[in-house]
2 protein chains.
Amino acid sequence: MPPEAGKGRAPNIRDVAALAGVSYQTVSRVLNGSEKIRPETKQRVLEAIEESGFRPNQAARALVTSRSRTIGVLSTHQHAHFGPQTMVHAMEVAAAESGYRLAVVTTGTTAASIVEALERLQSQAVEALVVVAPKVSVFEAIEDSSLDLPLVTLDSSIHNKRPGRTHSFAVDQYEGARMATRHLIELGHRSIIHVAGPQDWIEADERMQGFLYELSENDLPVRAPILGELSADFGYRAGLELVRRRDFSAVFAANDHMALGLLHAFRDEGLSVPGDVSVVGFDDIPDAAHYLPPLTTVRQDFAAVGRRSVEIVIGAIDTGSLGALELIRPTLMVRESTAPPPVAWR
Amino acid sequence: MPPEAGKGRAPNIRDVAALAGVSYQTVSRVLNGSEKIRPETKQRVLEAIEESGFRPNQAARALVTSRSRTIGVLSTHQHAHFGPQTMVHAMEVAAAESGYRLAVVTTGTTAASIVEALERLQSQAVEALVVVAPKVSVFEAIEDSSLDLPLVTLDSSIHNKRPGRTHSFAVDQYEGARMATRHLIELGHRSIIHVAGPQDWIEADERMQGFLYELSENDLPVRAPILGELSADFGYRAGLELVRRRDFSAVFAANDHMALGLLHAFRDEGLSVPGDVSVVGFDDIPDAAHYLPPLTTVRQDFAAVGRRSVEIVIGAIDTGSLGALELIRPTLMVRESTAPPPVAWR
DNA sequence: CGCCGTCGTGTGAACGTACACATGGACCCT
DNA sequence: AGGGTCCATGTGTACGTTCACACGACGGCG
C-alpha cells in the first residue's frame with residue numbers, strides 16, 4: 001500500500017510506534033538521536049517511519065519545547081540584489097544543516113516599517129536575529145522594542161553598544177575603503193572624490209570613514225563626499241554633476257551600481273575612463289568585470305559572511321553567549337577602470 | 001509594571017482571560033475576530049492583551065488547526081539577483097497582509113538538491129507552493145514527490161499538466177521575446193542571433209520559442225541559438241565566439257546580464273553597438289539603463305508577478321481551486337543599443 | 001405563560017510531541 | 001544471596017490553542 005494511504009490524518013508518532021511494536025516514547029528517542037537505545041529497536045523504528053511516511057510535526061515540537069528553531073533575518077529591500085541575496089542563500093544553507101530555518105523579512109527604510117518588520121519577526125518566535133542590512137535606525141528600533149535576542153549584525157561598529165548580546169561580523173568595510181583609496185593614491189591621484197551611500201547606512205558610513213582616513217593619512221585635500229542612494233541612477237546623476245566641477249582625477253564609488261552610473265555619465269560627457277578619470281567601485285558584483293571598462297573594485301565574500309553569521313548565531317542560541325567582533329578582509333580587484341592620472345593632474 | 005515582567009513564561013491566553021475576567025475561550029474569539037461578542041467585552045480583552053504583552057503562540061495554533069499559514073517558495077540560486085529578489089519581496093509583503101508567512105528555499109540545479117529542497121519545504125508543512133524559477137527538472141521532482149499542494153508556477157507552459165492543482169502565472173516570456181525580435185526586424189535586421197539561456201529553464205525556452213516564431217513569421221533565416229548560462233561571463237564568451245563568425249547584424253540575449261557580456265566582448269573586438277551590431281536584452285534590471293550603450297530590453301513587472309502569485313495561492317488554499325493561466329504583458333524599453341543595421345547588411 | 005431561537009459566554013477535549021519519572025531486567029560487586 | 005547500578009523501554013503530563021458542544025439569559029411569539 002502507498003505510504004500516504006489510509007485516513008486523512010497524517011501519521012503521528014503513535015502510529016509509528018504501533019507499527020514498530022514499541023511505545024511512542026521510543027520513537028521519540030529515535031527521532032532525537034538518543035544514545036540509550038538498542039540498535040535493533042532503532043532499526044525497527046526507522047523502518048516503521050519509512051513505511052508510514054511519518055514526518056515529525058514541527059508545530060507540536062515547537063509547542064512543547066518552546067523552541068521555534070527559526071532564525072530571523074532582517075534585510076532591507078533598499079539595498080536589494082546581489083550581496084544580500086547571496087548572503088541570505090548561504091545563511092539558509094548553513095541554517096538547514098543545523099536543523100534551523102530562516103524567517104526572512106525585508107523592510108523599508110522608514111521607522112514604521114522597521115517596527116512592523118520586527119513585529120512580524122517576533123510573531124514568528126525567532127530565536128535569534130541577523131540584521132543583514134544594518135541601518136542606524138534599525139538598531140534604534142531594536143533598542144526600543146524590548147526584544148531580547150542573540151543578535152548578529154553584519155557590520156563592524158555597533159557591537160559595543162550591547163555587550164554580550166550583540167555580535168558583529170562582517171567584511172571590513174573600513175579596510176576595504178582604505179584599500180580602494182590607497183590604490184588610487186599609489187597610482188598618483190591626489191584629487192579623489194567619494195560618492196557615498198546614505199549615511200544612516202552603517203556600511204556606507206564606514207566606507208566613507210575609511211576613505212577619509214586614508215586621505216588624511218596621505219595629507220591629501222579632502223573634498224566633501226557626494227551622498228546619495230546606492231543605485232546606478234544616482235551614480236549617473238552624481239557623475240553629471242561631477243563633470244561640471246571637473247576638480248578631481250579619480251572617483252571612489254560606494255558600490256558597483258553607483259560606479260556604473262558614473263561610467264555612464266562620464267562617457268556621455270566625453271570623459272574617458274581611465275584616461276581622464278579613474279573609477280573604483282565596491283562589492284565586485286558579477287557584472288562588474290564586464291562593465292566598460294571592467295571595473296576595479298573591492299570584493300566581498302558575501303557567502304562566507306552569510307555562512308559564518310549563522311554559525312555564530314546558532315552558537316549563541318546554544319551557549320547563550322556571543323563572541324567578539326570578527327572581520328573578514330576584502331580583496332581589491334584591479335581591472336581596467338583605474339590608471340595613473342593624466343599629466344595635468346600630477 | 002513593564003509588560004514583560006513576572007515569571008519566565010510568556011503570557012498565554014488564560015493569563016489574558018484572568019486579567020480581563022472572562023474565559024479563555026472568549027479571548028480566543030477576540031483573537032479570531034468572532035462576530036458574537038459584546039463590544040464592551042471585546043474592549044476589555046483587548047486591553048488585557050495590551051497590558052500583558054500577550055502574543056498568540058503560532059505553534060500551538062498550528063498544532064490544533066493543522067494549518068501552518070506558510071507558503072513555500074522554491075527558488076533557484078542559479079538565476080539569483082534582481083528578478084527573483086524583487087518577486088520574493090513582493091510575495092512576502094502580500095503574504096504578510098493576509099497573515100501568511102513565507103518559507104523560502106533556494107535550491108541548486110541538480111535533481112538531488114531539488115529533492116532536498118522539497119523535503120525541507122515539506123518539513124515546514126507549507127500549505128502551498130510557488131515555484132519562482134521554474135525548471136523542467138523541478139516539476140519532474142514535484143511529480144515524483146507525491147506532494148499534493150496548490151501550486152503556482154511563474155511560467156506559462158506547465159499549467160496544463162496538472163489540471164486543477166496547478167496555476168501558472170507569469171509575465172509572457174514568449175510575447176516578450178517576440179516583441180524584442182520584432183523590434184529588430186522592424187529596424188531592418190535580417191540576420192539575428194539569439195543567445196539563449198539553459199533549455200531546461202522554462203522561461204529561457206519560451207524566450208527562444210518566441211524568437212524562433214517571429215523569425216519564421218517573417219521568413220528570416222534561422223540560425224541555431226547559442227545556449228549557455230544567464231550570466232555576463234557567458235555572454236562575454238559567446239560574444240567573442242560570435243565576433244569570429246560575424247554572420248549577423250543583431251543579437252537578442254536571453255537576459256540583461258548576458259547582454260552586458262556581449263557588449264563587453266563587442267567593444268573588446270572593436271565592434272560598435274549599435275553601429276555595427278544591435279543588442280537587445282531581457283528583464284530591464286535597474287542597471288540596464290546605464291550600460292554602455294544603454295540597453296534596449298524587455299521590462300518585466302516582477303513585483304506585480306510576486307504579489308499576484310501570492311494572491312492566487314492564498315485563494316487556492318481557501319477555496320481549494322485554482323484558476324486558469326494568467327499572463328502579464330511585458331514592455332519593450334527602447335534605448336540606445338539598437339539601430340538599423342549597417343548598409344552592408346541591408 | 002411556556003416554548004423556542006438567538007446571543008454571549010463557558011467547559012471539555014484534542015492536536016503531536018518531549019520531558020520527568022517509573023519500571024523491569026541484566027549485571028556486578030561484596 | 002542480596003543490594004546497587006546501569007540500560008532499555010514504558011507511562012503520565014504539559015505545552016497553548018481551537019473546536020464542538022453546553023449553558024443561562026433574554027426576547028418574541030403563539
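1. Starting with the protein surface near DNA strand C: in this predicted model, that surface is made up of 12 nonpolar, 10 polar and 6 charged residues. Of the 28 residues around DNA strand C, those that come nearest are A:Ile13, B:Ser23, B:Thr26, B:Arg29 and B:Thr41. You will see that this list draws on both chain A and chain B. On the DNA side, 53% of the strand C atoms within 4 Å of the protein belong to sugar or phosphate, and bases supply the rest.

2. A few individual contacts to strand C are worth a look in the viewer. The side chain of B:Arg29 places an N or O atom 2.7 Å from a base nitrogen of DNA strand C. Two other side chains approach the backbone of the strand instead: an N or O atom of the B:Lys36 side chain is 2.9 Å from a phosphate oxygen, and one in the side chain of A:Asn12 is 3.5 Å from a phosphate oxygen. As for secondary structure, the elements giving two or more residues to this surface are helix 1 (13–20), helix 2 (24–31) and helix 4 (58–65) of chain A, along with helix 2 (24–31) and helix 4 (58–65) of chain B. Helix 4 of chain A gives the largest share, 5 residues.

3. Now turn to DNA strand D, which is surrounded by 28 residues. The closest are A:Ser23, A:Thr26, A:Arg29, A:Thr41 and B:Ile13. Of the strand D atoms that come within 4 Å of the protein, sugar and phosphate account for 52%. The class make-up of this surface is 12 nonpolar, 10 polar and 6 charged residues.

4. For strand D, here are three phosphate contacts to check. A polar backbone atom of A:Ser23 is 2.7 Å from a phosphate oxygen of DNA strand D. From chain B, a polar side-chain atom of B:Ser28 lies 2.7 Å from a phosphate oxygen of that strand, while B:Asn57 uses a backbone N or O atom, 3.1 Å from a phosphate oxygen. At least two residues each come from helix 2 and helix 4 of chain A and from helix 1 (13–20), helix 2 and helix 4 of chain B. Here helix 4 of chain B has the largest share, with 5 residues.

5. The record fits in nicely at this point. An unreviewed UniProt entry places the feature "domain: HTH lacI-type" at residues 11–65 of chain A. Over that stretch the chain is 69% helix and 0% strand, and its end C-alpha atoms are 21 Å apart.

6. The contact between the two protein chains takes 44 residues from chain A and 44 residues from chain B. About 4100 Å² is buried between them, with carbon and sulfur atoms giving 52% of that area. Three residues stand out on the chain A side: A:Arg55, A:His290 and A:Leu292 supply 18% of the area that chain A buries against chain B, more than any other three residues.

7. The polar side of the interface deserves its own point. There are 4 salt bridges between chain A and chain B, and one of them pairs A:Arg55 with B:Glu119, whose closest N and O atoms are 3.0 Å apart. Across the interface, 16 residue pairs are in polar contact. The side of chain A that touches chain B takes two or more residues from each of helix 4, helix 5 (82–97), strand 2 (101–107), helix 6 (111–123), helix 10 (232–245) and helix 11 (256–268). Helix 11 of chain A provides the largest share, 6 residues. By class, this side of chain A has 20 nonpolar, 14 polar and 10 charged residues.

8. Finally, some backbone geometry to look over. The peptide bond from A:Val273 to A:Pro274 is cis, with omega near 10°, and A:Pro274 sits in the loop between helix 11 and strand 9 (278–280) of chain A. Another cis peptide bond joins A:Leu292 and A:Pro293, with omega about -5°; A:Pro293 is in the loop between strand 9 and strand 10 (297–299) of chain A. Note that A:Leu292 is also one of the three residues named above for the buried area of chain A. In chain B, B:Asp219 has phi near 55°, a positive value in a residue other than glycine. B:Asp219 lies in the loop between helix 9 (202–217) and strand 7 (226–227) of chain B.

Note on methods:
Residues are numbered from 1 along each chain as its sequence is written. Chains are lettered from A and ligands numbered from 1 in the order in which they are written. This is a predicted model: local features need pLDDT of at least 70, side-chain atom pairs count only at pLDDT 80 or more; totals for chains, interfaces and linings use all residues. Side-chain values use heavy atoms; hydrogens and water are left out. A residue is near a molecule or strand if one of its heavy atoms lies within 4 Å of it. A polar contact is a pair of N or O atoms within 3.5 Å; within protein, one must be able to donate a hydrogen and the other to accept it, and residues adjacent in sequence count only if both atoms are side-chain atoms. Helices (H or I, at least four residues) and strands (E, at least two) are DSSP runs, numbered from the N terminus. Ala, Val, Leu, Ile, Met, Phe, Trp, Tyr, Cys and Pro count as nonpolar, Asp, Glu, Lys and Arg as charged, and the others, Gly among them, as polar. Contact means heavy atoms within 4.5 Å. Buried area is the accessible area (1.4 Å probe) that two parts lose on being put together, summed over both. A salt bridge is a side-chain nitrogen of Lys or Arg within 4 Å of a carboxyl oxygen of Asp or Glu. UniProt positions are given in the numbering used here, feature names are shortened, and annotations may be inferred rather than shown by experiment.
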